[in-house]
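Reader: I am new to this structure. Please take me through one part of it closely, and keep it brisk.

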Amino acid sequence: MNLDLTGKTALVTGGTRGIGRAIVEALANAGAKVAFTYRSSTEEAETLLADLTKRGVEALAHQGDAADTDAANEAVKLVMDTWGRVDILVNNAGITRDGLMLRMGDDDWNAVINTNLKSVFNFCKAVYRPMMKQRGGAIVNLSSVVGVTGNPGQTNYAASKAGIIGFSKSLAKELGGRGVTVNVVAPGYVATDMTASLSEAAQNAMLGAVPLGRPATPADVAGAVIFLASGAATYITGHVLHVDGGLAM
Ligand code: NAD
């Protein structure tokens with residue numbers, strides 16, 4: 001199985017912590033040149049960039065809001081200007097703004113839809129032409145088990161993550177003829193800052209429903225991303241790969 005990414009160039013949104021950071025590390029370990037974006041964690045971004053560079057990994061960092069069209073275009077331009085091609089795009093940046101719908105304000109709805117879904121549109125659009133011209137590329141978008149099953153208090157988040165699935169299948173059909181794959185990874189419960197704020201009761205309830213009996217680590221999710229971005233998965237497109245310990249069966 002060919003999981004080697006030597007010589008490939010990759011771009012990851014929201015790469016400074018959690019799942020995004022694990023994806024950046026895994027791409028680098030597989031041999032790829034890695035660019036990552038971040039919104040506000042300048043210190044973490046600088047440390048990560050320095051760590052990667054020290055290890056001999058060719059790496060780039062770009063500061064910007066993934067929901068912003070210009071920022072997405074600039075990040076892809078940085079990769080193209082530096083490395084001349086973009087082989088792998090991982091849309092990872094995401095937020096939650098939970099609350100029952102009755103109390104959910106427009107700002108909570110817009111923030112989640114723009115950060116989680118509009119960002120995917122922005123970055124996919126920015127790599128569309130380069131990948132088409134290259135006649136190859138792999139796009140992996142991070143959805144969630146919640147986008148498949150729904151979850152009370154997460155109408156905005158579920159809509160954004162379900163939207164990513166429909167979006168990715170449509171784009172997979174558009175770009176298939178050019179040798180570009182578009183796939184989705186749908187994690188279940190992953191131990192990161194995003195889930196750390198959940199109450200202990202909510203964390204235990206979720207864990208109780210996971211057949212494998214433990215939360216995912218960010219590295220568990222990164223492994224699935226590497227597979228879908230690699231030469232081992234060139235005949236897989238429009239797929240939703242659940243990395244949830246069996247939660248959504
Ligand atoms: P996290 O909160 O630890 O990290 C999210 C990252 O996205 C951070 O680096 C953050 O700075 C970045 N980000 C947020 N908004 C941004 C913006 N507007 N522009 C640029 N970067 C931005 O979360 P995580 O758990 O690592 O989640 C990563 C992805 O996985 C998200 O899309 C999330 O929805 C998805 N996911 C997480 C879980 C989980 O249980 N943690 C489950 C399913 C799906």
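Is Lys33 buried, partly exposed or exposed? Start there, then go on to its partner and the other charged pairs.

Author: This is a predicted model. Lys33 is partly exposed, because its relative accessible area is 23%, and buried means under 20%. The side chain of Lys33 meets that of Glu58 in a salt bridge, at 4.0 Å from N to O. This pair joins distant parts of the chain, 25 residues apart. Lys33 sits in strand β2, which covers residues 33–38. Glu58 sits in the loop between α2 (42–54) and β3 (59–63). Glu58 is partly exposed too, with a relative accessible area of 43%.

Why do such pairs form? Side chains of opposite charge can pair when their charged atoms come close.

Now the wider picture. Nine salt bridges turn up in a search of the whole structure. Take Lys77 and Asp81, whose closest N and O atoms are 2.7 Å apart. Both residues belong to helix α3 (residues 69–83). Four residues separate Lys77 from Asp81, about one turn of the helix. Lys77 and Asp81 are both exposed.

Next come Asp220 and Arg214. Their side chains form a salt bridge at 2.8 Å, N to O. Asp220 has a relative accessible area of 28%, so Asp220 counts as partly exposed. Arg214, at 42%, is also partly exposed. There is a network as well: salt bridges link Arg21, Glu25, Asp51 and Arg55.

Return to strand β2, the home of Lys33. Strand β2 gives at least two residues to the lining of the largest pocket. Several helices do so as well, among them α1 (18–29), α4 (106–134) and α6 (155–175). The largest pocket holds about 1,200 Å³ of space. Its lining has 49 residues. Nearest its centre lie Gly94, Ile95, Thr96, Tyr157 and Met194. By type, the lining splits into 24 polar, 19 nonpolar and six charged residues.

The second largest pocket has a volume of about 240 Å³. Its lining has 18 residues, and those closest to its centre include Lys8, Gly137 and Thr234. Strand β5 (137–142) and helix α9 (218–229) each bring at least two residues to that lining. Here the split is eight polar, six nonpolar and four charged.

Note on methods:
Residues are numbered from 1 along each chain as its sequence is written. This is a predicted model: local features need pLDDT of at least 70, side-chain atom pairs count only at pLDDT 80 or more; totals for chains, interfaces and linings use all residues. Side-chain values use heavy atoms; hydrogens and water are left out. Buried means under 20% relative accessible area, exposed over 50%, partly exposed in between (1.4 Å probe, protein chains only). On a 1 Å grid over the protein atoms alone, a cavity is a set of points where a 1.4 Å probe fits but cannot get out, and a pocket is an open set with protein on both sides within 12 Å along at least five of seven lines; lining residues have an atom within 4 Å of a point. Grid points are joined across faces, edges and corners, and a volume is the space filled by probe spheres set on the points. Ala, Val, Leu, Ile, Met, Phe, Trp, Tyr, Cys and Pro count as nonpolar, Asp, Glu, Lys and Arg as charged, and the others, Gly among them, as polar.
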